[in-house]
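The two exercises below concern a sheet and a helix, and each is followed by a solution worked in steps. Please look at the sequence and the model before reading on.

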Amino acid sequence: MKPLSGIRIADFTVHAAGPFCTHMLSQLGAECIKIESAQRLDIFRKPHAVYGRAGPATFDQVASNKLSVRLNLKHPEGVALAKRLVARSDVAAESFRAGVIERLGLGYAALREVKPDIVMTSVSSCGQTGPDSHFAGYAPLFGAWGGLGHLSGYEDGPPVEMRHVMDHSVGMNAALATMAALHKRRHTGQGCHVDVAAREVASSLAGDAMTAASSGVEMRRTGNTDPQRAPHGLYATRDDDRWLSIAVSSDVEWSTLAGIIGRPDFAQDSRYSTSEARVAARQEVDALVADWAASVDADEAAEGLQEAGIAAHVSWRAGDIADDPHMIGRGAVVPVTETDGRRRMAVGFPACFSGSDAPGMERGTPGLGEHEEYVYGALLGLGRAEQTRLVDEKVIF
């Protein structure tokens with residue numbers, strides 16, 4: 001058994017943060033039924049000019065491994081059918097703006113009437129309560145609200161706002177909170193409403209800066225530098241757009257690096273021989289390392305530095321990760337087959353389990369409404385004639 005085998009999720013989430021939550025849970029074994037509508041497609045399922053095709057990679061990532069049914073939540077019968085599905089589920093997840101799910105007739109109070117122990121997970125920009133709960137938002141705004149953008153970038157430049165990493169951080173936190181709620185239900189028999197605010201997730205990741213601010217210390221943007229280490233950063237190599245990440249943490253490592261770059265005298269030079277001196281002369285130290293890096297092969301240099309005990313690696317492109325034997329071997333990158341028969345690499349669950357079936361994906365991106373025969377027929381017991389009527393009346397739509 002996978003860890004969440006036997007758990008069913010009625011998934012009303014859209015865009016990225018909420019869907020990433022349910023995507024993680026589905027890889028742990030939960031049966032995740034994505035409720036969609038042709039009337040208003042998920043923004044990431046629509047044809048996208050940037051990706052040049054329908055169903056861009058953003059959607060493929062968070063929709064893989066899920067089942068898909070169409071359902072018109074603006075129709076009373078659609079809402080009633082959604083409640084029937086929730087009554088057969090353990091979790092209901094949504095990521096609309098606060099208040100929308102209640103206006104649809106599918107708020108927590110309404111769902112408890114059909115499933116008293118339901119765990120409902122709501123993901124929104126600012127939470128379901130509070131003076132800012134009505135605000136909409138998307139990934140860069142979460143980082144801006146949460147203080148992460150102000151901490152990212154170079155000291156002499158503007159804040160750099162977070163994008164996909166913010167959505168996925170919110171989704172992972174929501175998955176954790178949902179797991180905790182399921183654990184509580186198992187021991188108490190009681191469900192609950194899990195309220196996840198994206199800006200609060202961002203703030204939690206900037207916790208050290210907030211702690212410092214409460215003592216009157218304002219942390220500033222530092223680019224790729226580290227307050228206690230030098231050299232510490234990214235250095236261009238002879239290969240186009242192939243950058244070498246190096247972090248020297250001790251005087252011994254600096255001595256080793258000095259020998260590798262052909263300047264062993266720098267290990268004894270009082271300007272650079274101690275961590276304090278190198279931090280004070282950071283620009284000079286970076287220039288010395290950059291001159292050496294500009295003439296080396298990125299991958300060979302990284303391997304040599306690692307063998308010498310220095311933390312270093314090439315700043316990988318996504319293609320490097322997709323082809324990496326280590327990631328493939330651990331199941332962190334997995335092949336999946338789409339409904340049209342094509343195969344692609346997908347991101348697996350970022351943890352391994354011993355003694356049980358490994359988390360992971362069993363199928364690729366579902367077609368819109370692909371699994372209605374199973375969900376509406378086998379699961380909810382609707383006959384073929386009834387399903388046809390609901391399609392004709394645009395309830396299943």
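Two strands pair if DSSP finds at least two bridges between them, and strands (E, at least two residues) and helices (H or I, at least four) are DSSP runs numbered from the N terminus. This is a predicted model, in which local features need pLDDT of at least 70, side-chain atom pairs count only at pLDDT 80 or more, and totals for chains, interfaces and linings use all residues. Residues are numbered from 1 along each chain as its sequence is written, and side-chain values use heavy atoms, with hydrogens and water left out.

**Exercise 1.** Determine how many bridges join β2 to β3, and place this pair in its sheet.

Step 1. Strand β2 (residues 31-36) runs parallel to β3, and 4 bridges join them; I33 stands opposite L67 in β3.

Step 2. The open sheet has 6 strands in the order β3-β2-β1-β4-β5-β6, with parallel pairing. Its edge strands, β3 (67-70) and β6 (192-197), each pair on one side only.

**Exercise 2.** Identify the buried residues of α11, and establish what covers them.

Step 1. In helix α11 (residues 251-260), the buried residues (under 20% relative accessible area, 1.4 Å probe, protein chains only) are E253, W254, L257 and A258. They lie on the same side of α11 because they cover an arc of only 140° around the axis, taken from the directions from the helix axis to the C-beta atoms.

Step 2. The cover of these buried residues includes β8 (243-247), α12 (275-280), α13 (282-293) and α14 (298-307).

Step 3. After α11 comes G262, with a positive phi near 85°.

Definitions and conventions: Buried < 20%, exposed > 50% of the residue type's maximum accessible area, 1.4 Å probe, protein only. Contact = heavy atoms within 4.5 Å.
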